[in-house]
Structures are given as structure tokens and as C-alpha cells.
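Q: I have a model open and want to go through its strand pairing, cross-links and charged pairs with you. Could you take my questions one at a time?

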Amino acid sequence: MKPWVVIVFAVSLLLSCESQGPSAVTPVFVQKGGDVLLNVDADVPEKFSFVEWNFKKTVILVRFPPDGEQPTVFDNYTGRIEFPEKKYSVKLKNLKEADRGVYTAKLSLIKGDQTLAEYNVIVQDPVSPVELTVISVDSRSSECDLTVTCRTQDSHINSTFRCDNQTCSQEGGEQSEVTTSGASLHVYLLNGSIICNHSNQVSRTEDIEIIEHVCLQPDDPKQHASKVTVTAVAVPIVIFVIAVLLGLFCYYRKLGIYNRESIENTVYEIPQLGTTAQPLDQSPTDDASGLSPTSTYCLVGPHTGPPDPDKTRDTPESLYATVERHAMFLNN
């Protein structure tokens, strides 16, 4: 055999092996517990023995007969396979870590087997939460430097940002690394915000810090305007509350003084000693002086007569009896 024929044959064999190698396998990423659809897009001839899906070349999932009858699902995958409308395609449900590997759809013919589709299914856990923490802030009149840490369970990245006149930059550019679980951890600047991102092909989590909130200067016009607004609203409210409290205090104070003066200004006529008391049954006269009635009091004094032997000392004398006796004494 001529040398050039050998070379052409070897190159053809190498290209054939490459077309059937890993480059022909389609990678598919699935979150643990999720489902994956494995499609068959190749044309299938009318005459064939069967179409079969297998796992890692040895484990058979399902076999389709040529006459269009119901496919046969093998024991290990009973209840885990669904059949979409597309012919010979399957949906594998509730994937676990053990389901990682290559799935192949194979067409069996009289003259040999033909590969219709091949997928490398990669099952991944969802990524863990991520936390963005500001370590230090160096603020000046128009500049702000801050250092942050982007941290997850098994990895972290430190990065420094510098802002000058509303323009921010990240020292060293966007930073990233691959965690021990195979996920990617990124920290980068986007539209005035620092973003810490933890992601893989099936899930992502992130934490965000707005630079303006971190680098707000004490003499910043926005902060000053905010303080002025709060003061303008708070001062009138405080003054109003104080005025209401003072008004209530003055009102109740005046009301108390008025009531006390009313009680103190009530004057009762003092009975004059030695004034001849009128008889109790005396009727008013028609004298003109009677137009201005005066109060008449009877002087009531203690009983000075001998004690009544029929009464005990513990029983007080009747007030009316004392008045009557005193009146008789005055008439005599």
C-alpha cells in the first residue's frame, strides 16, 4: 500500500473518531430533583429492529418497537419516564446525583447500530447563599474608597472600589473564582452598585450594595437637604404640641383658680349676739324695710338646766328642743 493512501486512511479514521467522540455529546445541566428532556431529532427509517435509550452504554431505560406499539420501560426507571409528543424522545424525572452520565438513543438495524442522540447529563445542587460585606470606607470631600468581601460557604473574594466625582471603578477589574463545589463566585461593579454573585448552570444567588449609600459624605448636599427637610417638618410639629400643652395647662389652671375663688367668696351673714330673736311664728311685716329681707338666726347654746332623770347621758338632746328653750328664755 502506498504511503499517501495510509496517511489519508489514518486522517479519515481520526476525523471519524472525533465525530463520534465527546464533541458529539450534548451537555445538559439539571438541578438535583429536576427533570430533563432528551430529544431525538434525527430521522428514523421505516424499517428497523428497535430504538433504545441506554445509560452509560449498559443500562437500558426504554425500548421502542418498530410497529408503533407502547414502549417498554425497564424496571429501574418505572415511574420516572414520560413520553412527550415528539417520537422517541423521553423525559427523565426527579434526577439524583447517581443519574449523572451519558444517555444515548440508539437505532438498531439489521446491518448494525446507529446513534441518534447523545447527552451528557450533569446534575448540580443549587448554589448556597452569598453575602457582601463592606470591610472599610475611606471617605473624603469628593472621593470614596471602600473594600468589600464577597463570601459564600466555601470561598470568598476581597475587592476595592474607588469613586471620584460620581465615577466609580474597581481595582483590577471584575474578580471571580471557582468554588470547591464547582460554582463561580463573582464580584463586580454595575450601574453604581457592587454585586456579589454566586452561580452555576442551574441556579444563582446574589447580594447588592449601593455605593451611594455607603459613601454618603457628612456635608453631601443630598444629606444636607434631607436634614433640612426633616427639620422643616419636625420643628412646626414640636411647636404645635408645646402650644397645645401650654394652652391646656393654662385653661385647667384658670378653671381651678375660679372654682377656689367661688368657694372663698361665698359670704354667710354672721349672727349678731344680743339681737332679740323674733318669735318663730311671727309673720313678716308690711314695712318698706321688709323689701330687703335680712337673715335671722336663733342663737343655739348648750343646755344648762338640770339633767332629765328619765334620759341617759349617752343620748344627745334634740336640737329643736334646745332652740325652743332658748327662744322662751329670750321672750321672758
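Q: What stands opposite Leu38 in S7?
A: Opposite Leu38, in S7, stands Val90. S2 and strand S7 (residues 90-92) are paired in the antiparallel sense over 3 bridges, where pairing requires that DSSP finds at least two bridges between two strands, and strands are DSSP runs of E with at least two residues, just as helices are runs of H or I with at least four, numbered from the N terminus. This is a predicted model, in which local features need pLDDT of at least 70 and side-chain atom pairs count only at pLDDT 80 or more, while totals for chains, interfaces and linings use all residues. Residues are numbered from 1 along each chain as its sequence is written, and side-chain values use heavy atoms, with hydrogens and water left out.

Q: Which strands make up the sheet with S2, and in what order?
A: The order is S2-S7-S6, an open sheet of 3 strands with antiparallel pairing. Strand S2 (36-38) and strand S6 (81-82) are at the edges with a single partner strand each, so one side of each has no neighbour in the sheet.

Q: And the sheet with S10, what's its order?
A: That open sheet has 4 strands, ordered S10-S11-S12-S13 and paired in the antiparallel sense. Its edge strands, each pairing on one side only, are strand S10 (131-139) and strand S13 (167-170). From one strand to the next the twist averages 20°, with axes taken as lines fitted to C-alpha atoms (for helices over the stretch in contact) and angles running from 0 to 180 degrees between N-to-C directions.

Q: How many bridges join S10 and S11?
A: S10 and strand S11 (residues 143-151) pair over 8 bridges in the antiparallel sense, and the bridge partner of Ser139 in S11 is Cys144.

Q: Which residue is Cys144 joined to by a disulfide?
A: Cys144 is joined to Cys215, with an S to S distance of 1.8 Å; a disulfide here is a pair of cysteine sulfur atoms within 2.5 Å. The torsion about this S-S bond is about -65°, so the disulfide is left-handed. Cys144 lies in strand S11 and Cys215 in the loop between helix H2 (211-214) and helix H3 (221-264), so the pair ties together parts 71 residues apart in sequence.

Q: Is Cys144 buried or exposed?
A: Cys144 counts as buried because its relative accessibility is 3%, the classes being buried under 20% relative accessible area, exposed over 50% and partly exposed in between, with a 1.4 Å probe and protein chains only. Its partner Cys215 is buried too, with a relative accessible area of 11%.

Q: How many disulfides in total, and what pattern do they follow?
A: The count comes to 3 disulfides, and with bonded cysteines counted along the chain they follow the pattern 1-6, 2-5, 3-4. Cys150 and Cys196 form one of them, with sulfur atoms 1.7 Å apart, and the torsion of about 75° makes that disulfide right-handed. Cys163 and Cys168 form another, at 2.0 Å between the sulfur atoms, and with 110° about the S-S bond this link is right-handed.

Q: Switching to charges, which residue does Asp145 form a salt bridge with?
A: Asp145 forms a salt bridge with Arg162, the closest N and O atoms being 3.0 Å apart, where a salt bridge means a side-chain nitrogen of Lys or Arg within 4 Å of a carboxyl oxygen of Asp or Glu. The pair links distant parts of the chain, with Asp145 in strand S11 and Arg162 in strand S12 (residues 156-164), 17 residues apart. Asp145 is buried at 13% relative accessibility, whereas Arg162 is partly exposed with a relative accessible area of 42%.

Q: What about Lys106, which residue is its salt-bridge partner?
A: Lys106 forms a salt bridge with Asp113, and the closest N and O atoms are 3.8 Å apart. Lys106 is partly exposed at 22% relative accessibility, while Asp113 is exposed at 52%. A search of the whole structure finds 11 salt bridges.
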